[in-house]
Amino acid sequence: MEKEKFYITTPIYYPSDKLHIGHSYCTVATDTMARYKRLRGYDVMFLTGTDEHGQKIERIADSQNMTPKEYTDKIVTGIKELWNKLGISYDKFIRTTDDYHIACVQKIFKKLYDQGDIYKSSYEGWYCTPCESFFTEHQLVDGKCPDCGRDVELLKEESYFFRLSKYQDRIIQYMEDNKDFLQPNTRQNEMINNFLKPGLEDLAVSRTSFKWGIPVDFDLNHVVYVWVDALTNYISALGYGTEDESLFRKYWPADVHVVGKEIVRFHSIIWPAMLIALDLPLPKKIFGHGWLVINGGKMSKSVGNVVDPNVLVDKYGVDAIRYFLLREIAFGQDGNFSNEALIQRINSDLANDLGNLVSRTAGMIEKYFGGTLPKDRTETPFDADLKATVAEIIPKVEEKMDNMFFSDALIEIWNLIRRTNKYIDETQPWILCKDEEKKGELANALYHVAESIRIVSIMIKPFMPNTPEKIWASFGIKEGEATTWESTKTWGILPAELKAVKGETLFPRIDMKKELAELEAAIKASQATNIANQQKKKEEKEDEYPAEITIDDFCKVQLKVGEVLESKEVEGSTKLLRNVVKLGEEERVIFSGIKSAYAPGELVGKRVVVAYNLKPRKMMGEMSYGMILCAEDAEGKLSVLTTDDKEFKSGSGIS
């Protein structure tokens, strides 16, 4: 019988040089679901990868004197190392710089263009560079990006547009007909009420102001908008549009896209519209999880509150970190991260409940029976209730897992662990061992505890992939029929003459006060190393340029006197003024980041010093021709260089 298919994805990550525990949270959750489905007998495809195009990466690479591909090659290696450390069992890792992905994106773009779903026009709108996102005026929050809260730029440029508005009603209808399409339900309500029903605008799907992207192959001045590029990975990874579409036919539509809540809009509106336009099935479910927060704020590198998962895994082990992330936070909601909460979970749930249960059970079998239980056993009055608890909990765990309620599933599993510990207290092996006539009850009690532990070890395997093997080693369990998910539904699979050996402590108890001090020091050391590395990169980059230049070099710079005719605010920018400067018979637009020092209009009539022969560059959707020179003090205060001598007319050279 052919296995049922299950296709699950994480978002493909922007290749940052410092993935934090918040990024790990999403990927660990997705991995847990993939492992669970494999354990249930599904044919699983788990996809993750990196989103490597866009203006943001182009700028970072340039600042490090690298090509974008050189930069992303370096970062991707680190991401794969982290995923390996966290036990991420992906089946495929896609990079948007992969040739097959580029070819797929170009093919889709051309198809949509040929059928009239993409057309050429010009665009003016609000753009957030860090989020690589366009927004309409009403979507901004206090004039800033609604996702990250940063400043946005008003951009105007020629662009290709996707007829997103054409598919608005069909997406609304699909969501209303499929109430579980976007989970949790609050996300679906948000998309319908805040984005779809107010009306969608056609989406600009190409850019001309930078080059690091997939070229529009029939118009090479344009590169494909990064989100159209990124979303396509879910089908390009399966070979869509190639000669071999066998994986696409096998696994599409995806069973679930797991994404952070900040990118739900792209996955639940833009992606479905693209798929409808391509006449392809929509994914069965999109799950928008919440954020890890620290002191009420989203964990973010830009605000400096990130926690390095490498530090945590090195100190506590991967299984402890995976357990904490999935137990502490209800998947779909925001959850607070703190070192105190982490250590409390390790001590209470892992060391006291699970670790102690395994250790003392194996220890008692060794102590009372030399490590091997006898065949002859006598039932106790408490057996039936323990077995009933197991039978009740297994379907509850399955139901929670199928709905991605990871924390609730772990609560049910820990209910069984605590019930098993209670069973030990009820049967009192330390009393039974004193009466030779009670040896049958003692053997029975310890067998029941060991069998319950076997079942627990299977149920925790998706969450904690390394711990079950350690448990199995303590009770002589070989991976196979006794460790399948279906075996949890049959009581008594362990052999009657069970052999046990007390192994290593699974989760040593932690001294809270001492550990918090050490952990804080380790995290600070990691942050200090990161800062030092960034400073080193900065110094290395500075060292690439000569400290001194010759007179010939200096003579290449043309400085001229310019008269400021106009100086205005730039809508959407907190730094720039748009100046019109007269240079002899010529007038030029020059953008200058001096808004903090000069009010709009304050420079009008002033004669300023202009770097005349700089290469023009596009700023805020418009070309800027030159630079107004300024002095800057140690505190960053600016002062424009001017000449008050009226004899020097605009356009005069400076030497």
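Me: Which residues lie nearest the centre of the second largest pocket?
Reply: Happy to start there, with the reminder that this is a predicted model. About 810 Å³ of space lies in that pocket, and its lining counts 26 residues. Those nearest the centre are Arg59, Glu153, Leu576, Arg617 and Met619.

Me: Which helix and strands each supply at least two residues of that lining?
Reply: The second largest pocket draws on separate stretches of the chain for its lining. Each of the following gives at least two lining residues: α2 (55-63), β6 (153-162) and β20 (617-619).

Me: How many residues of each class line the second largest pocket?
Reply: Let's sort the lining of the second largest pocket by class. Seven of the residues are polar and eight are nonpolar. The charged ones number eleven.

Me: What lines the second largest cavity, and how many of those residues are nonpolar?
Reply: The structure holds two cavities of 30 Å³ or more, and the second largest has a volume of about 40 Å³. Its lining is made up of Leu112, Ile118, Phe162, Val205, Val228 and Met274. No polar and no charged residues appear there, and the nonpolar count is six.

Me: How does the lining of the largest cavity divide by class?
Reply: About 50 Å³ of space lies in this cavity. Its lining includes His53, Glu132, Arg207, Trp212 and Tyr225. By class, the lining residues are seven nonpolar, three polar and two charged.

Me: Which helix gives the largest share of the largest nonpolar core?
Reply: In soluble globular proteins, nonpolar side chains tend to be buried together. Here the largest such core has 107 residues, and those with the most contacts inside it are Tyr316, Leu354, Ile413, Trp414 and Phe475. The largest share of this core, 14 residues, comes from helix α13 (residues 339-369).

Me: What does Tyr316 touch, leaving aside residues up to four places away in sequence?
Reply: Tyr316 is among the residues with the most contacts inside the largest nonpolar core. Leaving those sequence neighbours out, its partners are Ile321, Leu342, Ile343, Ile346, Ile510, Glu515 and Leu519.

Me: Where does pLDDT stay under 50?
Reply: The mean pLDDT of the protein chain is 90, and 93% of its residues reach 70 or more. Where pLDDT is low, the predicted coordinates should not be read in detail. One stretch for which the model has five contacts beyond four places in sequence stays under 50: residues 541-546.

Technical notes:
Residues are numbered from 1 along each chain as its sequence is written. This is a predicted model: local features need pLDDT of at least 70, side-chain atom pairs count only at pLDDT 80 or more; totals for chains, interfaces and linings use all residues. Side-chain values use heavy atoms; hydrogens and water are left out. On a 1 Å grid over the protein atoms alone, a cavity is a set of points where a 1.4 Å probe fits but cannot get out, and a pocket is an open set with protein on both sides within 12 Å along at least five of seven lines; lining residues have an atom within 4 Å of a point. Grid points are joined across faces, edges and corners, and a volume is the space filled by probe spheres set on the points. Ala, Val, Leu, Ile, Met, Phe, Trp, Tyr, Cys and Pro count as nonpolar, Asp, Glu, Lys and Arg as charged, and the others, Gly among them, as polar. Helices (H or I, at least four residues) and strands (E, at least two) are DSSP runs, numbered from the N terminus. A nonpolar core is a set of buried Ala, Val, Leu, Ile, Met, Phe, Trp, Tyr and Cys residues joined through side-chain atoms within 4.5 Å. Buried means under 20% relative accessible area, exposed over 50%, partly exposed in between (1.4 Å probe, protein chains only). Contact means heavy atoms within 4.5 Å. pLDDT is the predictor's confidence in each residue, from 0 to 100.
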